[in-house]
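Grab a pencil and work through a few exercises on the model shown here. Each one has a task and then a solution you can follow step by step.

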Amino acid sequence: MDLHANCVTSMRSYFVEVERLSAMLAECTAKPLPLRKRLKLASQGIIEHAAHLTYLSAKSLLLSAAELGYGFSN
C-alpha cells in the first residue's frame, strides 16, 4: 500500500509540474521571450523532468512488487 501511495503522490506531483510548464508555454508569443522568462522556462523544464524521473522510479518499484510479489512465505 505504501508503494502505491508513493506512486500516486509522485504522479500527482509530476502532473502539477506539467501543468505549471504548460501554463508558462501558453504565454509564448511570436516574439522571443525576455531572458528572465526563458530562464524560468528552462528551470521549470528541469523541475518537470526531475518530477517525471521520480514518478517513473516509484512506478517501477510498484510494478516490480506486482510482478515479483513483496510478501514472505514459509
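Helices here are DSSP runs of H or I with at least four residues, numbered from the N terminus. With that settled, R20 lies in helix α1. One thing to keep in mind throughout: this is a predicted model.

**Exercise 1. How do α1 and α2 sit relative to each other: roughly parallel or roughly antiparallel?**

Start with what you need to describe a packed pair: the angle between the axes and the distance between the axes.

Step 1. Pick out the two elements. Helix α1 covers residues 2-26 and helix α2 covers residues 35-68.

Step 2. Get the distance and angle. The two axes come within 8 Å and cross at roughly 160°.

Step 3. Apply the cut-off. Angles over 145 degrees count as roughly antiparallel, so α1 and α2 are roughly antiparallel to each other.

Step 4. Add the handedness. The crossing of α1 past α2 is left-handed.

Step 5. Look at who does the touching. Sorted by class, the contact between α1 and α2 has 16 nonpolar residues, seven polar ones and five charged ones.

**Exercise 2. Find the salt bridges and say where each partner sits. How many does the structure hold?**

Some background before you count: side chains of opposite charge can pair when their charged atoms come close. The cut-off to use is a side-chain nitrogen of Lys or Arg within 4 Å of a carboxyl oxygen of Asp or Glu.

Step 1. Count. The structure holds two salt bridges.

Step 2. Take the pair inside α1. E17 and R20 meet through their side chains, at 3.2 Å from N to O. They're three residues apart in helix α1, which means about one helical turn separates them.

Step 3. Check the accessibility of that pair. Buried means under 20% relative accessible area, so E17, with 13%, is buried. R20 has 41%, which makes R20 partly exposed.

Step 4. Move on to the other pair. K37 forms a salt bridge with E27, and their closest N and O atoms are 3.7 Å apart. This pair links distant parts of the chain: K37 belongs to helix α2, E27 to the loop between α1 and α2, and the two are 10 residues apart.

Step 5. Check accessibility again. K37 is partly exposed at 40% relative accessible area, and E27 is partly exposed too, at 48%.

**Exercise 3. How many disulfides does the structure hold?**

Step 1. Recall what you're looking for: a covalent bond between the sulfur atoms of two cysteines.

Step 2. Apply the distance test, which asks for a pair of cysteine sulfur atoms within 2.5 Å. The result is zero disulfides.

Step 3. Look at the surroundings of C7 and C28 anyway. C7 counts as buried, with 8% relative accessibility, while C28 is partly exposed at 36%.

**Exercise 4. Set sequence separation beside distance in space for some residue pairs. How far apart are the C-alpha atoms of A50 and Y14?**

Step 1. Begin with A50, which is found in helix α2 and is partly exposed at 39% relative accessible area. A50 and Y14 are 36 residues apart along the chain, and their C-alpha atoms are separated by 8.5 Å.

Step 2. Go back to R20. R20 and N6 are 14 residues apart in sequence, with 21 Å between their C-alpha atoms.

Step 3. Try V16, a residue of helix α1 that is partly exposed at 40%. V16 and L35 are 19 residues apart along the chain, and 24 Å separates their C-alpha atoms.

Step 4. Finish with D2, also located in helix α1. D2 counts as exposed, at 69% relative accessibility. From D2 to A51 you cover 49 residues along the chain and 19 Å between C-alpha atoms.

Technical notes: Residues are numbered from 1 along each chain as its sequence is written. This is a predicted model: local features need pLDDT of at least 70, side-chain atom pairs count only at pLDDT 80 or more; totals for chains, interfaces and linings use all residues. Side-chain values use heavy atoms; hydrogens and water are left out. Buried means under 20% relative accessible area, exposed over 50%, partly exposed in between (1.4 Å probe, protein chains only). Axes are lines fitted to C-alpha atoms, for helices over the stretch in contact, and angles run from 0 to 180 degrees between N-to-C directions. Angles under 35 degrees count as roughly parallel, over 145 as roughly antiparallel, 65 to 115 as roughly perpendicular and the rest as oblique. A crossing is left-handed if the near helix is turned anticlockwise from the far one by less than a right angle, and right-handed if clockwise. Ala, Val, Leu, Ile, Met, Phe, Trp, Tyr, Cys and Pro count as nonpolar, Asp, Glu, Lys and Arg as charged, and the others, Gly among them, as polar.
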